[in-house]
Amino acid sequence: MGWPTITLTGRTIAFLVAPYGVEQEELTEPWQAVVESGGTPRLLSTTEGRVRAVRHRAHGDTFAVDGLVAEADPADVDGLVLPGGLANPDALRVDRAAVAFVHACCAVGRPVAAICHAPWTLIEADAVRGRTLTSWPSLRTDLVNAGAHWVDEEVHVCHEGPGVLVTSRRPGDLPVFDDALVTEFAHATAKRHRV
């Protein structure tokens, strides 16, 4: 039996970023993919107001925060996207509320997509043990030491845990990352919302 048309209509997808340092295209391109698939993206952060993105090492645009991660409930979202950038996941992995939210989303089986350096936050949330994923190459040892199996692929989809995990290495992988994210989130959320 095939899946219905790929859609995220009626689904809320959380994007979690730090106040500074998210790689702009790793936020905006998956965000647009969610919107074009009918989903509702919601920007969570550790502080209110606006977050500042970067374009490599230069300042990028600012984006309005929709909610505090400390007040977010995994039951209210249908999936989680963790964009990369170097400073962004490094800040998130030392924030207790961010780590707790990521851990809770993973534990209850929400689909999660992470790109570039974002798996650092997954490591801190103890969400990579026994999983297969890819990342920016410099995270390989960190992931292996945390119990993950690391692969060098444009995108890797792992179904070996409570929820699907979609990972990619770098901004150049965004087209396949976005496609996999939408497809896998649509399938996972269709199962969750089936009556």
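## Salt bridges

Arg-93 forms a salt bridge with Asp-90, and the closest nitrogen and oxygen atoms of the two are 2.8 Å apart. The structure described here is a predicted model. Both partners of this bridge are partly exposed: Arg-93 has a relative accessible area of 25%, and Asp-90 has a relative accessibility of 34%. Because buried means under 20% relative accessible area and exposed means over 50%, residues in between count as partly exposed.

A search of the whole structure finds five salt bridges. One of them joins the side chains of Asp-126 and Arg-129, with a distance of 3.1 Å from N to O. Here the two partners fall into separate classes: Asp-126 is partly exposed at 45% relative accessibility, whereas Arg-129 is exposed at 55%. The side chains of Asp-173 and Arg-169 also meet in a salt bridge, at 2.9 Å from N to O. Asp-173 and Arg-169 are both buried. These two residues belong to a network of salt bridges that also includes Asp-152.

## The open sheet

How many strands form the open sheet, and in what order do they lie? Seven strands take part, in the order 6-3-1-7-8-12-11, and their pairing is mixed. At the edges lie strand 6 (67-68) and strand 11 (155-158), each of which pairs on one side only.

Strand 11 pairs with strand 12 (residues 165-168) in the antiparallel sense, over four bridges. The two strands form a hairpin with six residues between them. Within this pairing, Val-157 stands opposite Val-166 of strand 12, and His-156 has Thr-167 of strand 12 as its bridge partner. The side chains along strand 11 alternate between two faces. His-156 and Cys-158 point to one face and are buried, while Val-155 and Val-157 point to the other face and are not buried.

## A second hairpin

Another antiparallel pairing joins strand 4 (residues 50-55) to strand 5 (residues 58-64), over five bridges. Arg-55 stands opposite Ala-58 in strand 5. The hairpin of strand 4 and strand 5 has two residues between the strands, and His-56 takes a positive phi near 60° there.

## The largest pocket

Rolling a probe the size of a water molecule over the atoms shows where empty space is left. In this model, the largest pocket holds about 330 Å³ of space. Its lining consists of 14 residues, and the closest to the pocket centre are Glu-23, His-56, Arg-57, Gly-85 and Leu-86. His-56 therefore appears both in the hairpin of strand 4 and strand 5 and among the residues closest to the centre of the largest pocket.

Which strand gives the most to the lining of the largest pocket? Strand 2 (residues 20-23) does, with three residues. By residue type, the lining of the largest pocket divides into seven nonpolar, four polar and three charged residues.

## Aromatic residues

A pair of aromatic rings is described by the distance of the centres and the angle of the planes. The structure holds one aromatic pair. Phe-15 and Trp-31 form this pair, with 5.1 Å from centre to centre and 50° between the planes, and the arrangement is tilted. Phe-15 lies in strand 1 (residues 12-16) and Trp-31 lies in helix 1 (residues 24-36), so the pair ties together parts that are 16 residues apart in sequence. Are the two partners buried or partly exposed? Phe-15 is buried, at 0% relative accessibility, whereas Trp-31 is partly exposed, with a relative accessible area of 24%.

Another tryptophan, Trp-120, lies in helix 4 (residues 119-124). Trp-120 is buried, with a relative accessible area of 12%. The C-alpha atom of Trp-120 is separated by 9.3 Å from that of Gly-84, although the two residues are 36 residues apart along the chain.

Definitions and conventions. Residues are numbered from 1 along each chain as its sequence is written. This is a predicted model: local features need pLDDT of at least 70, side-chain atom pairs count only at pLDDT 80 or more; totals for chains, interfaces and linings use all residues. Side-chain values use heavy atoms; hydrogens and water are left out. A salt bridge is a side-chain nitrogen of Lys or Arg within 4 Å of a carboxyl oxygen of Asp or Glu. Buried means under 20% relative accessible area, exposed over 50%, partly exposed in between (1.4 Å probe, protein chains only). On a 1 Å grid over the protein atoms alone, a cavity is a set of points where a 1.4 Å probe fits but cannot get out, and a pocket is an open set with protein on both sides within 12 Å along at least five of seven lines; lining residues have an atom within 4 Å of a point. Grid points are joined across faces, edges and corners, and a volume is the space filled by probe spheres set on the points. Ala, Val, Leu, Ile, Met, Phe, Trp, Tyr, Cys and Pro count as nonpolar, Asp, Glu, Lys and Arg as charged, and the others, Gly among them, as polar. Two strands pair if DSSP finds at least two bridges between them. Rings of Phe, Tyr and Trp (its six-membered ring) pair if their centres lie within 6.5 Å; planes under 30 degrees apart count as stacked, over 60 as edge-to-face and the rest as tilted.
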